[in-house]
Amino acid sequence: MTMTTDDIKQQRHQARQQRLKAQVDAAVAAASAEKGLLLVITGNGKGKSTSGFGTVARAVGHGLRAAVVQFIKGSWDCGERNLLAQHGVQFAVMATGFTWDTQDKAADIAAAEQVWLQAEQFLADPTLDMVLLDELTYMLSYHYLPLERIESALLNRPPGQHVLITGRACHRRLIELADTVSEVQNIKHAFDSGVKAQRGIDW
Ligand code: ATP
Ligand code: MG
């Protein structure tokens, strides 16, 4: 039986896929380390906080214990908070001050320091498997919290504890410290065509 060009292509494709599978299997087998991870989800596209909260939901679904710190007041109503609080997730929310259109710098800094104290407690609590620091990046870009303090709390956290940091324009030191970093790219957003923020999608 003679082979057609299509047969040859198919065979090559199969061989390539087999080699790829062998490589992936080997990499999976070699990845044996277990440790608390630092994840950063940054970039200008939509999906950073939802990814952070989704990971918390994933962990809680496995019976892990999680806490969330929200560094931006934003919209007080927050679907994930309503849900996850019912499942034992502790929340610390930045009290007054900082929103997207921040006005009062002194009040913002006081609120940042206040909520950071709570974050430090979470990051020192060995009974917590996961801590989400939602919108933490702005505390650094606005110089509301010193990098050294954040770095020290992250480095000294319990070894098994996972930490997620979200927000745009993440400080490069946090990116260096992180194990996994994803950048959400904006392709388009409904807001740009005049659609207002939608409950269940945007908060
Ligand atoms: P989400 O909470 O939906 O995952 P996010 O955390 O990636 O969004 P943020 O920068 O925290 O994004 O912005 C929060 C709010 O701004 C959300 O209501 C979100 O839909 C909206 N938003 C996010 N990205 C964009 C964008 N590129 N253009 C306009 N609005 C955006
Ligand atoms: Mg967000």
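**View 1. Who sits around ligand 1.** In this predicted model, 14 residues surround ligand 1 (each with a heavy atom within 4 Å of it). The closest are Lys46, Gly47, Lys48, Thr50 and Asp202. Sorted by class, that shell holds seven polar, five charged and two nonpolar residues.

**View 2. Polar contacts of ligand 1, meaning pairs of N or O atoms within 3.5 Å.** The side chain of Thr50 brings an N or O atom 2.7 Å from a ligand 1 oxygen. Backbone atoms join in too: an N or O of Ser49 is 2.9 Å from an oxygen of ligand 1, and a polar one of Gly45 is 3.2 Å from a ligand oxygen. On its own, ligand 1 exposes 580 Å² (Shrake-Rupley, 1.4 Å probe), and the protein buries 83% of that.

**View 3. Helices α4 and α6.** Here α4 (residues 105-122) and α6 (residues 147-155) have axes, lines fitted to C-alpha atoms, that come within 9 Å. They cross at roughly 20°, so the two helices count as roughly parallel (under 35 degrees). The crossing of α4 past α6 is left-handed.

**Notes.** Residues are numbered from 1 along each chain as its sequence is written, with chains lettered from A and ligands numbered from 1 in written order. Local features need pLDDT of at least 70, side-chain atom pairs count only at pLDDT 80 or more, totals for chains, interfaces and linings use all residues, and side-chain values use heavy atoms, leaving out hydrogens and water.

Terms used. A polar contact is a pair of N or O atoms within 3.5 Å; within protein, one must be able to donate a hydrogen and the other to accept it, and residues adjacent in sequence count only if both atoms are side-chain atoms. Ala, Val, Leu, Ile, Met, Phe, Trp, Tyr, Cys and Pro count as nonpolar, Asp, Glu, Lys and Arg as charged, and the others, Gly among them, as polar. Axes are lines fitted to C-alpha atoms, for helices over the stretch in contact, and angles run from 0 to 180 degrees between N-to-C directions. Helices (H or I, at least four residues) and strands (E, at least two) are DSSP runs, numbered from the N terminus. Angles under 35 degrees count as roughly parallel, over 145 as roughly antiparallel, 65 to 115 as roughly perpendicular and the rest as oblique. A crossing is left-handed if the near helix is turned anticlockwise from the far one by less than a right angle, and right-handed if clockwise.
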